[in-house]
Amino acid sequence: MSDSSAVRVADLPQNAPTAFEITPDKAELAALAAELGVNALRKLRFTGEISARGKRDWQLTGSLGATVVQDCVVTLEPVTTRIEEKVRRNYLSRMEIPDEGEAEMPEDDSTEPLGSHIDPGAVMTEALALHIPAYPRKEGAELGEGVYTKPGAKPMRDEDARPFAGLGALRGLLKDED
């Protein structure tokens, strides 16, 4: 999908924004859902424009809308999530890229080095991947307490595993000794 949406920077007009709209068909939605590891993408639309920023830099702004179906992390039932996000990427012709293996991440994560093409399809896929819920939960679904033990032994509960759970009882014992 991203191959057909890539635009050569040399072909972009300097004095007017270039509009784009990406609305994948059912086959593309299914392929993208598989790539992103979700059950289904029911709707996906990415619209916006690419415009010049100065003589050499460019900016992509857009609106992403998607309906995603995933499994609930508690019940494994399907959960539908609506995503509506504003997206912005700044493409800089002169962006310093550190040579060393480790580098500090810049605060502005919307800035990228300018290449020969700007690809709204790739931006759409990245933005969608970043906004899909990591742990979707069906409304009202709660994770119960798991209790496991050997037969005949007292089970250890979540409350017993808390680091300061026994301090109250210990404090009571110390007061009794005084």
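**Figure 1. Overall fold.** Following the chain from the N terminus, you meet the elements in the order α-β-β-α-β-β-β-β-β-α-α. That comes to 4 helices and 7 strands, where helices (H or I, at least four residues) and strands (E, at least two) are DSSP runs numbered from the N terminus. This is a predicted model, in which local features need pLDDT of at least 70 and side-chain atom pairs count only at pLDDT 80 or more, while totals for chains, interfaces and linings use all residues. Residues are numbered from 1 along each chain as its sequence is written, and side-chain values use heavy atoms, with hydrogens and water left out. Of the 178 residues, 28% are buried (under 20% relative accessible area; exposed is over 50% and partly exposed lies in between, with a 1.4 Å probe and protein chains only). The accessible surface comes to about 12,700 Å², with 50% belonging to carbon and sulfur atoms (Shrake-Rupley method, 1.4 Å probe; for residues, only the protein chains shown count as cover). Among contacts (heavy atoms within 4.5 Å) with a separation of 6 or more, 60% link residues 24 or more positions apart.

**Figure 2. Two hairpins in a row.** Here β3 and β4 run antiparallel, joined by 13 bridges; strands count as paired if DSSP finds at least two bridges between them. Phe46 stands opposite Leu64 in β4. These two strands make a hairpin with 3 residues between them, and Gly54 in its turn has a positive phi of about 80°. Next, 14 bridges join β4 to β5, again antiparallel, with Asp71 opposite Pro78 in β5. The β4-β5 hairpin has 6 residues between its strands, and Leu76 in the turn has a positive phi of about 65°.

**Figure 3. Further strand partners.** On β3 you can also find β2, which runs antiparallel to β3 and is joined to it by 5 bridges. Thr18 has Ile50 of β3 as its bridge partner. Strand β6 (residues 111-113) pairs with β5 in the parallel sense over 3 bridges, and Asn90 is matched there with Thr111 of β6.

**Figure 4. The largest nonpolar core.** This core holds 27 residues, and Phe46 and Leu128 have the most contacts inside it. A nonpolar core is a set of buried Ala, Val, Leu, Ile, Met, Phe, Trp, Tyr and Cys residues joined through side-chain atoms within 4.5 Å. Two or more residues each come from β2 (18-22), α2 (26-36), β3 (40-53), β4 (57-71), β5 (78-92) and α3 (120-131). Beyond its neighbours within four places in sequence, Leu128 is in contact with Leu32, Leu36, Leu41, Leu44, Leu64, Ala66, Val68 and Ile83. In soluble globular proteins, nonpolar side chains tend to be buried together.

**Figure 5. Val38 in its loop.** Val38 sits in the loop between α2 and β3. It is counted as buried because its relative accessible area is 9%. Leaving out residues up to four places away in sequence, Val38 touches Ala33, Val68, Val69, Gln70 and Ile132. The C-alpha atoms of Val38 and Ile132 are 8.9 Å apart, although 94 residues separate the two along the chain.

**Figure 6. A nonpolar surface patch.** Phe164, Leu167, Leu170, Leu173 and Leu174 form this patch, with about 530 Å² of accessible area together. Patches are made of residues with over 30% relative accessible area and no salt bridge, joining like charges within 9 Å and nonpolar side chains (Val, Leu, Ile, Met, Phe, Trp, Tyr) within 5 Å; a salt bridge is a side-chain nitrogen of Lys or Arg within 4 Å of a carboxyl oxygen of Asp or Glu. Leu173 belongs to helix α4 (residues 167-177), and Leu173 is exposed, with a relative accessible area of 52%.
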